[in-house]
Amino acid sequence: MELRFLHIYPDLMNLYGSWGNLAILRRHLEDMGNTVTVEVLHPGDAIDFSNADFVFVGAGTERNQKVAIEDLVRFGKELRSAVDDGVAMLFCGTAMQMLGQSITDAAGTYYMGLRVGAFSSQQGKKRFVGDVYGHTDLYEEPVVGFMNSCTLVSGIVTPLVTKLSLGYGNEKEQGPEGFRKNNVFASELTGPLLVKNPPLLRYLISAIYNRRGEELPEELPIYRMEEEAYTTACRELLARLEAE
């Protein structure tokens, strides 16, 4: 397939190496014989969501997040149409909050969100930091990552991680984390989420193929180092839980 990716605001939203999510997805798809074109978009650019196969927004500081949302909100209607059309999307870190109804910062300033989901985000001065181990309804394997957030996200009824055994979720410790709608996957877990979680990467690849009406190959690319790192992280976090 010839696939079109949109990488939105990489100069603003590239905290904790979250760009690695797009890089690893592109690598896997190209190793499967596909051609991937990445369109890099900056504030002020026109954004054409038509014919997009994947939309990616990485993590940014709370300050950069506000610059990003005030520009991206111009395209809220078009983005919501793409969501309804089943376009695969990944919003990481503070970008996840942009998908909701609103963001209120620690000073009480209100910012309108993209309104893909019916949730709201309240930022504060306290940060929630720590490892995360949980499960999703999408597949059987665990989800692992690291949380570093100063935001409580309320009103999410379709979380990405439905159950946490370790770490902070959207509203509380060991609560559900992230957001999911159609083929939109969002999480406040920092860094290269897809690199850390090969099962989520494979699920996202499946979503892209299914939307295009293409049959997924029986065998997907497997990279030993990624799988070993994931297995090690799962084992160590599970051992910590069992020791508590």
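**Figure 1. The predicted model holds 2 cavities of 30 Å³ or more.** The coordinates come from prediction. The protein contains 6 helices and 11 strands. With 244 residues, a compact globule would have a radius of gyration near 18 Å, and the value of 17 Å for the protein agrees with this. Along the principal axes, the C-alpha atoms fill a box of roughly 50 × 50 × 30 Å. Of the 244 residues, 54% count as buried. The protein exposes about 11,000 Å², and carbon and sulfur atoms supply 48% of that area. Among contacts between residues at least 6 apart in sequence, 69% join residues at least 24 apart.

**Figure 2. The largest cavity has a volume of about 60 Å³.** Its lining includes Phe 128, Met 147, Ser 149, Thr 151 and Leu 152. The run from Tyr 168 through Gly 169, Asn 170, Glu 171 and Lys 172 to Glu 173 also lines this cavity, as does Glu 188. Which element gives the most to the lining of the largest cavity? That element is β8, with 4 residues. By class, the lining of the largest cavity divides into 4 nonpolar, 4 polar and 4 charged residues.

**Figure 3. The second largest cavity has a volume of about 50 Å³.** The residues that line the second largest cavity include Thr 136, Leu 138, Tyr 139 and Val 143. Leu 160, Val 161 and Ser 187 belong to this lining too, together with Leu 189, Leu 193 and Leu 200. How many residues of each class are found in the lining of the second largest cavity? There are 8 nonpolar and 2 polar residues, and no charged residues. In the largest cavity, by contrast, 4 lining residues are charged.

**Figure 4. The largest pocket contains about 190 Å³ of space.** Two or more residues of its lining come from each of β7 (120-135), β8 (142-154), α4 (193-196) and α6 (224-243). The lining comprises 13 residues, and those nearest the centre of the pocket are Val 144, Lys 196, Ala 229, Tyr 230 and Ala 233. α6 gives the most to this lining, with 6 residues. The lining of the largest pocket divides into 9 nonpolar residues, 1 polar residue and 3 charged residues.

**Figure 5. Gly 155 lies in the loop between β8 and β9 (163-166).** Is Gly 155 buried, partly exposed or exposed? Gly 155 counts as partly exposed because its relative accessibility is 43%, a value between the limits of 20% and 50%. Leaving aside residues up to four places away in sequence, Gly 155 touches Ala 118, Phe 119 and Glu 171. One of these contacts, Glu 171, also appears in the lining of the largest cavity. Gly 155 and Ala 118 are 37 residues apart in sequence, and their C-alpha atoms are 6.4 Å apart in space.

**Figure 6. Gly 86 lies in the loop between α3 (76-84) and β4 (88-92).** The relative accessible area of Gly 86 is 12%, so this residue is buried; the limit for this class is under 20%. Which residues does Gly 86 touch, not counting residues up to four places away in sequence? The contacts are Asn 183 and Arg 211. Gly 86 and Ala 207 are 121 residues apart along the chain, and a distance of 8.5 Å separates their C-alpha atoms.

**Figure 7. Tyr 9 has a positive phi value, near 60°, in a residue other than glycine.** Tyr 9 is found in the loop between β1 (2-8) and α1 (20-31). With a relative accessibility of 1%, Tyr 9 counts as buried.

**Figure 8. Asn 51 has a positive phi value, near 65°, in a residue other than glycine.** The loop that holds Asn 51 runs between β2 (35-41) and β3 (54-57). Is Asn 51 buried or exposed? Asn 51 counts as exposed because its relative accessibility is 65%, and the class of exposed residues begins over 50%. Tyr 9, the residue of the preceding view, counts as buried.

Technical notes:
Residues numbered from 1 in each chain as written. Predicted model: local features only at pLDDT ≥ 70, side-chain atom pairs only at ≥ 80, totals over all residues. Heavy atoms only, no water. 1 Å grid on protein atoms, 1.4 Å probe; cavity = no way out; pocket = protein on both sides within 12 Å on 5 of 7 lines; lining within 4 Å. Points joined across faces, edges and corners; volume = space filled by probe spheres on them. Nonpolar A, V, L, I, M, F, W, Y, C, P; charged D, E, K, R; others polar. Rg over C-alpha atoms; globule rule 2.2 N^0.38 Å. Buried < 20%, exposed > 50% of the residue type's maximum accessible area, 1.4 Å probe, protein only. Contact = heavy atoms within 4.5 Å. Areas by Shrake-Rupley, 256 points an atom, 1.4 Å probe, with all protein chains shown as cover.
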